[in-house]
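Hi everyone, thanks for making time this morning. I'd like to walk you through one model, starting with the overall fold and ending with the spaces inside.

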Amino acid sequence: IALGTPLPIVFPSAVVGGFNYWRAGKIVKRVFLYCSLFGLMGTVVGSSITGLIDTRYIMIITALLIIYLAYRTFATAIGKDRYGLMEEDSPAPPAPVWKMALIGIIAGFFSGFLGLGGGVILVPGFFFMLHMDVKECLGTSLVVIAVMAVPGTIIHSLLGHVNWWIVLAMTIGVMPGAYLGSSFTLQARNRRVLLLFSFFLLAIGILFIFKEIQGLI
């Protein structure tokens, strides 16, 4: 239930936040199209095998990956890692289809399998693999997440993994939160956004590890 319930909550928050980024021209349509298409495939597979595999060890491995991405993002924000684009409004070269497909499938799988919103995978993938502007990464990831949340929600709902009372209560909060968060990000400088995102990734990674190790003891 803890894995399935976040998925329907993701959809309204992603739509509200994505609308702000769309108005600001921060959604890359080509990336959205390909990542959504392949992300749907990954979500269906991930959601379908949730009940067949023990997720605890996979969650620990995922947490370590997230912590590594937090380090890379932080290093880029302070200028020690130049792998990502740091310039405001820097145009990225057209992304190869195979890279967009890979990012979409992996993000979709983790979204369906572990209940992650997808942004934890999509944003670093867009930034480090496709070299997109950080605000384009965030905006495009939101609309991709909205699409990927649909099949995952349906499958987890059919499996009885969704508490709809929790969904209703949290949706009331996440919609205005998504609007305020996206408005703040669009006005902030890229360096500050990267710093905040790296702290977010680090917090998520540490929380995952703590909870899963606690469950194993």
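Before we start, one term: a cavity here is a set of grid points where a 1.4 Å probe fits but cannot get out, and a residue counts as lining if it has an atom within 4 Å of a point. Please also keep in mind that this is a predicted model.

Let's take the overall picture. The protein chain has 8 helices and 0 strands, so if you read along the sequence you get α-α-α-α-α-α-α-α. Of the 217 residues in the chain, 50% are buried. Looking at contacts with a separation of 6 or more, 87% of them join residues 24 or more positions apart. As for the outside, the accessible surface is about 10,800 Å², and carbon and sulfur atoms hold 73% of that.

Now to the enclosed space. How many cavities of 30 Å³ or more does a search of the whole structure find? The search finds 1. The largest cavity holds about 30 Å³ of space. Which residues line the largest cavity? They are Thr73, Val123, Pro124, Phe127, Phe128, Leu194 and Phe197. By class, that lining has 6 nonpolar residues, 1 polar and no charged. Thr73 falls in the polar class because the nonpolar and charged lists do not include Thr. Two helices, H5 and H8 (190-216), each give at least two residues to this lining. H5 provides the largest share, with 4 residues.

Let's move to an open space, the second largest pocket. Its volume is about 240 Å³. The elements giving two or more residues to its lining are H3 (56-77), H4 (97-114) and H5 (119-129). In total, 13 residues line the second largest pocket, and those nearest its centre are Leu69, Ile121, Pro124, Gly125 and Met129. The class breakdown of this lining is 11 nonpolar, 1 polar and 1 charged.

And which helix gives the most to the lining of this pocket? Once again we come to H5, with 5 residues. If you have the viewer open, try selecting Pro124: this residue lines the largest cavity, and Pro124 is also among the residues nearest the centre of the second largest pocket.

So, to wrap up, H5 is the helix to remember: H5 gives the largest share of the lining of the largest cavity, and H5 gives the most to the lining of the second largest pocket. Thanks for listening, and I'm happy to take questions.

Key: Residues numbered from 1 in each chain as written. Predicted model: local features only at pLDDT ≥ 70, side-chain atom pairs only at ≥ 80, totals over all residues. Heavy atoms only, no water. Buried < 20%, exposed > 50% of the residue type's maximum accessible area, 1.4 Å probe, protein only. Contact = heavy atoms within 4.5 Å. Areas by Shrake-Rupley, 256 points an atom, 1.4 Å probe, with all protein chains shown as cover. 1 Å grid on protein atoms, 1.4 Å probe; cavity = no way out; pocket = protein on both sides within 12 Å on 5 of 7 lines; lining within 4 Å. Points joined across faces, edges and corners; volume = space filled by probe spheres on them.
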